[in-house]
Amino acid sequence: TSGERTTPNTVDLSTARLDRDVLPPLVNVQSERVVKVRSARTRLAQAWCELERADVLQGTAFAHDLVHEAARRAVPTVIAQHLHRSVASHLEAAGAEPARVAPHWWNGQKWEAAARSFEDAARGAARVGRLSEQAEFLAYVAMARFHLGQTDEGLASACDAVISAASSDGPAAARRLCDRLASTSGRDAADPALQVMLGFALLLGGDYRAALEAARPVLDAPPGLPASLRLDAGLVCALAMTSVGETATGVEMVERVAKEAEAVDRPAALLRFHSIRCSTLLCHRRYAAAEQAARHGLRLARETGVLDEEISALDNLGSLMERRGDLKEARVFLTQARELVCDRKSFAMLARWNDLRLAMCLGGLGEFKEALAIIQAVALELPQLGADPGIQHAAVDTMARIYLAMGQTARAVQTLVDGQPEDEVRKACRLEVRAAIAQALGQDARALIDEGLGFARSEEHTSELQSH
C-alpha cells in the first residue's frame, strides 16, 4: 500500500506477484499483438544495424545532412504529412515547447494548429528577448493565416514580424521579410495592409517620406477598414512626421488613432501605440502626457512579458528625464534598459539607440570615460549591422557633443569631418553641434544659428538652437 515502507524484499515480492498473477493473463489476452510488436521491433533493429554498417545512420541520427535530405525526399508527401501530424500531437501532449511542436504542424499542413503554436512560440521568444526568432515565428503565423484565407489577420502578424526583424537584425532584414510576406499574401501590392507593412519597413529604415507616402492614404481612407489597420497606419505616419521635425502633426496623427487603440485586442499593437505616442509627445515637449504614456506602456509590457517593449518604455522614461534636466534619474532608467538587453545581437537597433542616450546622459554628468567607451563601441558596431543613416548620424553628433563637453574642441570638429555627411532629417541637430563648436572656439555662431532656425521645422529644434 502507499503507506508501507518499501524495502528490497517488498520490491522482490511485488515483482514476483506481477510475474505470477498479472503478466500471464495479459500476455494470453494480447499474445498475438505482443508477438507482432516484438517481430516489428526485431525487424527494425536489424534494419537499423544494416543502415549503421552502411554509414547511413550514426547512433540516432543520419550520418550526413545530404543523406538526411535524400531520405526525407524519398518519403511520399502524404505519409510525411501524417508522420508530422503524429509527432506534433505526441509532442504537444507531452508538453513540449511550442517552438518544437509548431514546425511539425506546419509540415503536416495543419494550418490552424501551426498558427496557434507559432503564436505561442513567438510569445515565448518575446519574453526572453529573442527578437530574431520572434520575427521568424510571427512570419510563419502570417503565412499559416494566409493558407487559411485569413489574410487580414495574417498581415497583422506580418507587421509585427517586420518590426521585430528591424529591432533585431536591422532595416535591411525587415525589408527582405516585408517583401517575402507580401509575395506570399496573395494580395495586390496596393492593398492597404501591404502598404502599412511597407510603411513600417521604410520607417525603420530611415526613409521617413516614403513611409509617409505608403501609410498616409490608409489613415485618410473612408471608414470601413479594420481598426488595427488604421491604428498601424496612424503610428507609421505619426512617427514619420515626428522624425522629419513636424512634431505637432505627429502628435495630431497619433491622437487620431487613440480610439482604434482602445478597440484593438492585440497587445503588440497596443504596446506600439503607447511607445510611439510617448515619443511624439516627448519631441513636442508635452512631458506630463509623455510620461503617462511611457509608464502605461511599461506596466503593460511587464504584464504581458514583452521584453523589448519594456526596454523601449524605460528608454523613453530615461529620455524624458534627460530633457527635463534630471540626469541622475535619466541614468537610472537608461541603465535599467541597458541591463535588460541580455543579448545585443537580438536587440541590435534598440540596444544601440539606448547606448547613445546613455552615453549622452553620462557625458552630461561628467562621466566622460564611460560615455566615450559606450559611444566608440557603438560607432564600430553600426556599419556591421547595416544600420540606417539616422542612427549613424546620431552617433557622430553624440560623440562630437561629448568631446565638446570635455573641452576637446579639435576632436569634436574632427569627429564631424570624419563622420557621416549630414542629411535633411538630422541637419538641424548637426547645425546645433557646429554652432556650439564655433562658440567654443570664440567664433561668431550667429550665421549657423540663423541657418538652423530657418531650417528647423519644430518647436523642439528651435528651442534647442535658441538655448545656445
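Modeller: M321 is found in helix α16, residues 307–324; helices here are DSSP runs of H or I with at least four residues, strands are E runs of at least two, and both are numbered from the N terminus. This is a predicted model, in which local features need pLDDT of at least 70 and side-chain atom pairs count only at pLDDT 80 or more, while totals for chains, interfaces and linings use all residues. Residues are numbered from 1 along each chain as its sequence is written, and side-chain values use heavy atoms, with hydrogens and water left out.

Biologist: Why is M321 called buried?

Modeller: Buried means under 20% relative accessible area, exposed means over 50%, and partly exposed lies in between, with a 1.4 Å probe and protein chains only. M321 has a relative accessibility of 7%, so it counts as buried.

Biologist: Which residues is M321 in contact with, leaving aside neighbours within four places in sequence?

Modeller: Contact means heavy atoms within 4.5 Å. On that basis M321 is in contact with E291, R295, D326, E329, A330 and F333. C-alpha to C-alpha, M321 and R331 are 8.6 Å apart, with their positions 10 residues apart in sequence.

Biologist: What makes D232 buried?

Modeller: D232 has a relative accessible area of 3%, and therefore is buried. D232 lies in helix α11, residues 227–243.

Biologist: What joins the side chains of D232 and R272?

Modeller: A polar contact of 3.1 Å joins them. The term requires a pair of N or O atoms within 3.5 Å; within protein, one must be able to donate a hydrogen and the other to accept it, and residues adjacent in sequence count only if both atoms are side-chain atoms. Without counting neighbours within four places in sequence, D232 is also in contact with C159, V196, F200 and R266.

Biologist: How do you know that R266 is buried?

Modeller: Its relative accessible area is 16%, so R266 meets the cut-off for buried. R266 sits in the loop between α13 (258–263) and α14. Apart from residues up to four places away in sequence, R266 touches A156, D160, S228, D232 and R272. The C-alpha atoms of R266 and S228 are 8.1 Å apart, although 38 residues separate them along the chain.

Biologist: Why does H284 count as buried?

Modeller: H284 has 16% relative accessibility, which means that it counts as buried. H284 is in the loop between α14 (267–283) and α15 (287–304). Its side chain makes a polar contact of 2.9 Å with that of T247.

Biologist: What is the phi of R285?

Modeller: Phi of R285 is near 65 degrees, a positive value in a residue other than glycine. Most residues other than glycine have a negative phi. R285 is in the loop between α14 and α15, and its 31% relative accessible area makes it partly exposed. Q109 also has a positive phi, of about 60 degrees, without being a glycine. Q109 is found in the loop between α4 (98–107) and α5 (111–127), and is partly exposed at 41%.

Biologist: Why is P226 called partly exposed?

Modeller: P226 has a relative accessible area of 35%, so partly exposed is the class that applies. P226 lies in the loop between α10 (208–219) and α11. Its C-alpha atom is 8.5 Å from that of D152, 74 residues away along the chain.

Biologist: Why is α7 called roughly parallel to α9?

Modeller: Helix α7 (residues 151–169) and helix α9 (residues 192–204) pack at about 5 degrees, with axes 10 Å apart. That angle makes α7 roughly parallel to α9. Under 35 degrees counts as roughly parallel, over 145 as roughly antiparallel, 65 to 115 as roughly perpendicular, and the rest as oblique. The axes are lines fitted to C-alpha atoms, for helices over the stretch in contact, and angles run from 0 to 180 degrees between N-to-C directions.

Biologist: Which residues in α7 and α9 meet?

Modeller: L155, A158, C159, V162, I163 and A166 in α7 meet A193, L194, V196, M197, F200, A201 and L204 in α9. By class, this contact has 13 nonpolar, no polar and no charged residues.

Biologist: Which residues touch the most other members of the largest nonpolar core?

Modeller: They are L181, M197 and L231, in a core of 69 residues. A nonpolar core is a set of buried Ala, Val, Leu, Ile, Met, Phe, Trp, Tyr and Cys residues joined through side-chain atoms within 4.5 Å. A second, separate core has 47 residues, including A289 and L320.

Notes:
Ala, Val, Leu, Ile, Met, Phe, Trp, Tyr, Cys and Pro count as nonpolar, Asp, Glu, Lys and Arg as charged, and the others, Gly among them, as polar.
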